[in-house]
Every structure is written in structure tokens, then in C-alpha cells.
Amino acid sequence: MNKKRILLVDDEKSFTNLLKLNLEDTGNYEVRVENWPEDAVQAAREFKPNLILLDIIMPRMPGGNVAAELQGDPELKNTPIVFLTAAVRRQHVEENEGLLCDFPCLVKPASVDEVVKMIEKHAR
Amino acid sequence: MPVQTDIAGLPVIKVLLVEDNTADAHLLRLLLNEILSIRYELKHVARLKEAIEVLDRETFDVLLADLTLPDSYGFDTFKTLHAHSSALPILVLSGVDDETLAVRAVREGAQDYLVKGRVDAQALSRAITYAIERDRIETALEESEKHYRYLLESITDYTYTVKLLDGKPVQSIHSPACVSVTGYTAEDYEQNPDLWIKMVPEADRPAVLSQVDVALAGRTPDPVEHRILHKNGQVRWVRNSIVPSLDTQGRLIAYDGLIADITERKRAEEKLVNSEAFYHSLVENLPQFILRKDVTERFTFANQRFCNILGKSLKEIIGKTDFDFYPPDLASKYQRDDRFVIETGKTFETIEENVSPNGETIYVNVVKTPIFDGKGKIIGIQGIFWDITERKRWEERLQRANEELARSEAALRKSHEELKAAQLQLIQAEKMESVATLAAGVAHEVKNPLAILMMGVNFLNRRVGNDESSVTVLKEMQEAINRADSITRGLLEFSSSRQLAVKPRDLNELIEATLQLVRHEITANEINLTKDFAPNLPPVAVDKNQIQQVFVNVFMNAIQAMPKGGSLKLRTYPKQMTESTFSEGSRKAANFWVGDTVAVAEVEDSGSGIPQENLAKIFDPFFTTKPTGVGTGLGLPVSKKIIELHGGSLDIRNVPGGGVRAIIMLKGHKPQTTK
């Protein structure tokens, strides 16, 4: 069975390592980590993920900009993006039906189950 | 005779001898020394100049002078000496050949002359003593004459008689004193028959003549006071009294007149009249009311002003008392004041409140002083009073202005206090704001490590399998992460100032919905719930989720305050604000303004209440009395913040008798101002 390719963009190395471990541990996902937001678009072009998990508060380039760049790329514009961030409050996202600026959003700290649920819902 | 005597009792006669012939001088000295009954003290000088000098220094009884001197000759010598010492008797010494000169000197004032060589001692002494005596008598006479002349001139009355023949004046005889009054002598009147009427100024003549007519008719006329022109041109006043004089047959033969000089009296009278006019003018023109009473309280005087307020004439007032014009209580008050002045001799001063005839209240300043007679005895009182209503009114106005000033000062002080309180609140708010900013930063930074830990725990959970103790450890780690997460979440709630999704809602419904969320806790803790919801509550514009969060917080606090059960009372009611309110820790000026309609919700528990020392800290972030894990210390600060974002207020206070009441006030929804 085809594993879903997940691109994880987050400057927090420990977090990306652990999330990659957890997701790959399920046996359902192939995870590529990109800790440098500037390189995220290039990585996506190469990796062609089924879904991108995107942090928002990152040095040099906020997640919002990365998302905009991804959407601006003809190859990538249909790749689903899910924000995974500590910058917003859970309640706020819940009140907005799980959306943040029209993107689905996961609030840190999120459990692996929550992440998996989100991926399954939005990945293509 | 000279009064001076020597030790032996002999008269002493001091003689100055002016003689250039030493031999003659010597001879005279010898002659005088022969006289034993009188001691002559002779001083001899040879020149006129020396004589003058000696006369300036010393006094002499007599001067013997030879008129032929080295520095003066003949009659000039006598003239100089006589002019220099006019009171001193002078005896001229002459030679045989110049007796003519000596005689001339005697005619001009010398007492006598002696021919040198022809007098013996006795004759010389006699001549000297006679000269002195004669001079003394002459002086006395002169003085007496002067005295009488003065007396005569001082007489201010004189008489005259007009003799009549067939009813016509034929002769007038004036007594000598007429000269002192008119300046004319009796002879003047005799020689000039019309003088008596000519000296009367034309204006006064008719009165004088008609007086004479009455006398000529044989009756006694009234005295007439008229002016005359003194011979020296001065105008004098006289009083002329005439009495007809009849013979034994009753025929009018003359009339006698007495003229008395009354110029001084007239002048005094005139002065008096002037002075009276002066005081009258003062008394009547002063703006004061002036009155006088005697010691029996009867009016003796009232000025026109006072007459006017009594509405009576002066005649009607004099002799009356206060009881004739004033009500009895007022009259007795006035008399009491008068008695004080009469008995103590002191000035009485007061301000009285009176009612004027037209019913207005007026104020008068009254000063009463004693009146003394010439001997210093008190014979009455003088009262002066004047209207000070205007002044009084101004004083009252001033007083009112002062009070107003005091009031506005108090108001100012109050608003100053309020400002101070507001400033304190602002400082508190500022502090809260800093805490919020800090909290937001901390929360974000904490969340990332928590996310990592969560991933780690998730990973290990899958790997540990069925190792029970490992499962337990991981479970506790998971809970710790959840707790930390809930704290950071609270921090973010507190610090967020995001947009509210406000909609008009019914507060009662909102509370009911919230109660569903805590129903389990209420029943589990055996809490008796009572609800008293006002049906007419105004709708409130709120963010439903936010307000629900507040109520959950408040309910949970109440429930946790009653671990052994109790009662939870809910009450809502509308309220019309009658004063503006401020809430501590808020940057906003006022939550409510006067006139706002407010929906109030009260949540009251029956717990033990909040200790006084904690009451001020309950809205401070992280302040909690709950055990770790039960409270974050953020519930109330966040709730307060939410309510304030809604423009409302959250107030927590102890209820007398135990328990805590949370009061939430939210502004009534006004459609036109709500976005």
C-alpha cells in the first residue's frame, strides 16, 4: 500500500524528529522534515507530498509566507497545508471550525492521534 | 520821696551829675554832703556820652546836668538826656549868664533849674527832693488819667435826654459815655442836632423813627436793636430803650433814652446762629436717622428723616415715647437699650432687624450715646441709626458665595480623590498589561517544548507495550503536559485582546446554557441551586463563548468554595445606573454612565468567604488559594478581562454572614450603537 508523503516544515528540530518518528511508526506515512522555511518550497517540489504540516512562528520566514509561496506555485497549489502551531489558542481555532486563515490548523501541543486524524482528513 | 533807705534808715537818693567843670562838681558834692537827713550818692561824669553810658547801666533818682559840655551844647544837651531817660527828673545847672536857656528847659520838661554859685546846701537838697516828688506826682496823675480814659472808653452804655416843647424835640443832652459807644462827644451832639439819626444806617432808620413816634405819643415803646456808624467808620449794634418823661400835670416834656452797645452780643449771636445752622444742616442732611430722648424716655428731638419713618411731624413726636409709635415688645426693647445707656453712661451699638412699613425686612445699625448737661450729668440719650440692608445683603451674598466656593472645593477635592483612585487603577491596569504581554511570550515559548514532550510521550506509549509501571509513568507525564498546556492556554486567554463576536443575547438563557456545563459538579457536590431570574432583563451584546467561559469560572469558584455542599443562588435583575462606576485594573474611564440600563447577574455561594487580606489580590494573575492542579490562578483575571472587554464589570465581595457574591454587570444592548 502506498504510504502518504508528509512534508513537515518546522524550525524545532526535536519536535520534527519526534513527530517524524511517531508518524512513520504508524507505518502509514513517509515523512520528510524541512527545518529551514526558505527551503520548504524547493523540498515540496522535490518530495511532492500528499500534505504539508507547516509551523507558523519560524525564524526568517513565517509560516504564512511559506503557505503563500506554496499556493503560488502551479505544481504545489493543490497540495493541502495544515498549520501546526503554538501561536494560536485551541479555543480560537475551534471557534473557527478548525480553520486558521482558511487553512486547517492544529494547535501545539497536539497528540499524534490528533495529527493523524488531521492528515487523514485533508491529505490527497 | 524815694523809697530806698540805707542801714541807718536814712533815705538814699542817687544823683547823676553831668558837669565838665571839676570845681563846680566838687562844690556840689560838698554841699550835698552837708545834708545829714538824706544820704546822697553822687556819680559824676563830665561828658554827655559818658552820661548816656552810665544811664544805660545804672538807675538814678535824679539828674543834675550842666548843659554846656565838651561834646554837647545848650538845649540839645537837655533834649538828648530827656529823650534818653524821659522818666528821670532833670535839674538843669546853669550859670548866671544863661538863665534863659534853663527856663526854656524847664518849659520843655526839666523839673527846675539851679544857678551855680547861688545855692546853699539846704536849697540844693530841697530843689532835688521837690523835683523828685513833683515828678512822682506828675507820673501818678498821668497814669490815673490814662486809667480813667480807658474806663470811659470801656463803658458800653450811655443815656440821653431829649427835651420837648409842644411835642417837638428842642434839645438833646448826651451823657459823656456816648463817646465810647459812638466816637462822638456830648458836645458833638449838642452842636449837631441831627447827629443822633444821621449815625443810624438808612436801613435801620424807619425802626428808630417809629420808636421815637411811640415815645412822642407818650407811650413806652419796645426797645429797638439797630446799627450805628461809629465815628471811626465801624458798624456797631446798639439796643435803644426809650422812656417818656411827664411833668406833674402829666404832660410829655421829654423822653429819656438808654443806648447799650450790644455789638459783642450780636456777634456771639451771629456765631451761634451760624453754628446752629451748621449743625442743623448736618443733622438734617446726614443719611442717618437721629433722635433724642430725655431720661423719662420722652422724645426731645427727631430729625426730619426719623419723623418721616414714623409718619409724624416733629411736634407730634416730641414728648411722646416709643410706646406711642411701636408695638409694645419693640418699644420695651428700645427703652431697655436706652436704660443701659443712661445707667452705664456707655455707648450702645447693635444691628437690628426691622420690618419696614411695606413689609420688607431691613437691617439697621443703631448707636445710642448718653447726653450730658454742663455738669456732666446724664440728661438723656441720643440715638443714631441707619439702614445697612444693602450691606447686609451683600454680606449674605458673599457668605453664600463662600459656601458655594467651599462646596465646589469639596467637590474638587472629591474629584481629586477620584482621579487619584483612577490613577491607581491605571497603574494597576498597566501592570496587568505588562503581565499579559509577558504571559503571551511565555505561553508561546512553553508550548513548543510541550509539543515536543507530547510527541515523546506519544512515541514511548506505543513502545512500552504492557509494562505497567512504564505506562503509569507515561500517563503522569501526559497529565503534567496537559496541566502545563492548560496554564499556557489560560495565559494566552488573559493576554489576548482579540475581537469579540458579539450578538444580542438573553443573559438568562446564557446562564441556563452554562449551568448545563457544570451540572455534573453541582450534583456531585450536593449543592442546592436556586434561581431568581428577572423576566424583563435587557438583552446584552456579548460574545457567547466568552461570557459562558466567565460563568463557568464563577460557578466553578463557587462550587469549589463549598466542598461539603451548600447553596448556590443565582439572581438576575435590570438596573438603572444612578452613578458612574469605575473598575479597578481597567484602562477604561468608566464602565457605566448615569442613565445606562444594565443587566445584573449575581452568583452567591454559602462557602467560607474570602479572607480580607486576599480580597485585594483575587484579580491578580496566578493568585490562587486552591491546591495545585485545581486552580491556575488565571480564572478570575481572565473572567474580569472578558467582562471588561464587553464594557461590563465583575465584582467579587464577601456576603455578610459568610459566602461570596460575584456580581456581573453587562450593559443593555442598544441596537443603534452596536456594530
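1. A:Arg60 sits in the loop of chain A that runs between strand 3 (51–54) and helix 3 (63–72). The model is predicted, and in it the phi of A:Arg60 is near 70°, a positive value in a residue other than glycine. Its relative accessible area is 52%, so A:Arg60 counts as exposed, the cut-off for that class being over 50%.

2. A second backbone feature of chain A is a cis peptide bond between A:Lys108 and A:Pro109, with omega about -5°. A:Pro109 belongs to the loop between strand 6 (103–107) and helix 5 (112–122) of chain A.

3. As for the overall make-up of chain A, there are five helices and six strands. Along the sequence they follow the pattern β-α-β-α-β-α-β-α-β-β-α. The chain has 124 residues, of which 52% count as buried.

4. What does the salt bridge between A:Glu120 and A:Lys4 tie together? The closest N and O atoms of A:Glu120 and A:Lys4 are 2.9 Å apart. A:Glu120 lies in helix 5 of chain A and A:Lys4 in strand 1 (residues 4–9), so the pair ties together parts that are 116 residues apart in sequence. A:Glu120 is partly exposed, at 40% relative accessibility, and A:Lys4 is partly exposed as well, at 25%.

5. Over all chains the count of salt bridges is 44. In chain B, the side chains of B:Arg661 and B:Glu604 form one with an N to O distance of 3.0 Å. B:Arg661 is in strand 24 (residues 660–667) and B:Glu604 in strand 22 (residues 597–604), so this pair ties together parts that are 57 residues apart in sequence. B:Arg661 is partly exposed, with a relative accessible area of 22%, whereas B:Glu604 is buried, with 16%.

6. A further pair is B:Arg339 and B:Glu343, whose closest N and O atoms are 3.4 Å apart in a salt bridge. Both residues lie in helix 13 (residues 328–344) of chain B, four residues apart, or about one turn of the helix. B:Arg339 counts as partly exposed at 32% relative accessibility, and B:Glu343 as exposed at 61%. The two also belong to a network of salt bridges that links B:Lys293, B:Glu297, B:Asp322, B:Asp338, B:Arg339, B:Glu343 and B:Lys368.

7. Is B:Glu297, a member of that network, buried or exposed? At 5% relative accessibility B:Glu297 counts as buried, since the class is defined as under 20%. B:Glu297 is found in the loop between strand 13 (289–294) and strand 14 (299–302) of chain B. Its phi is positive, about 75°, although the residue is not a glycine.

8. Helix 16 (residues 507–524) of chain B has 18 residues and spans 26 Å from its first C-alpha to its last, close to the 26 Å expected at 1.5 Å a residue. A bend of about 60° is nevertheless assigned to this helix at B:Val518. B:Val518 is one of the buried residues of the helix, which also include B:Leu507, B:Leu510, B:Ile511, B:Leu515 and B:Ile522. Two further buried residues there are B:Asn508 and B:Thr514.

9. The N-terminal end of helix 16 of chain B is capped by B:Asp506, with a side-chain oxygen 2.9 Å from the backbone nitrogen of B:Asn508. Just after the helix, B:Glu526 has a positive phi of about 55°.

10. Helix 19 (residues 635–645) of chain B is mostly covered, with ten of its eleven residues buried. Among them are the charged residues B:Lys640, B:Lys641 and B:Glu644, as well as B:Leu636, B:Val638, B:Ile642 and B:Ile643. B:Gly647 follows the helix and has a positive phi, near 75°.

11. On the surface of chain B, B:Phe278, B:Tyr279, B:Leu282 and B:Leu286 make a nonpolar patch of about 380 Å². B:Leu282 lies in helix 10 (residues 263–285) of chain B. At 36% relative accessibility, B:Leu282 counts as partly exposed.

12. B:Ile309 is placed in helix 11 (residues 304–310) of chain B. B:Ile309 is partly exposed, at 41% relative accessibility. B:Phe289 is 20 residues from B:Ile309 in sequence, and their C-alpha atoms are 9.0 Å apart in space.

Key: Residues are numbered from 1 along each chain as its sequence is written. Chains are lettered from A and ligands numbered from 1 in the order in which they are written. This is a predicted model: local features need pLDDT of at least 70, side-chain atom pairs count only at pLDDT 80 or more; totals for chains, interfaces and linings use all residues. Side-chain values use heavy atoms; hydrogens and water are left out. Patches are made of residues with over 30% relative accessible area and no salt bridge: like charges are joined within 9 Å, nonpolar side chains (Val, Leu, Ile, Met, Phe, Trp, Tyr) within 5 Å. Accessible areas come from the Shrake-Rupley method with a 1.4 Å probe; for residues, only the protein chains shown count as cover. A salt bridge is a side-chain nitrogen of Lys or Arg within 4 Å of a carboxyl oxygen of Asp or Glu. Helices (H or I, at least four residues) and strands (E, at least two) are DSSP runs, numbered from the N terminus. Buried means under 20% relative accessible area, exposed over 50%, partly exposed in between (1.4 Å probe, protein chains only). The expected span of a helix is 1.5 Å times one less than its number of residues. The bend at a residue is the angle between axes fitted to the seven residues ending there and the seven starting there. A polar contact is a pair of N or O atoms within 3.5 Å; within protein, one must be able to donate a hydrogen and the other to accept it, and residues adjacent in sequence count only if both atoms are side-chain atoms.
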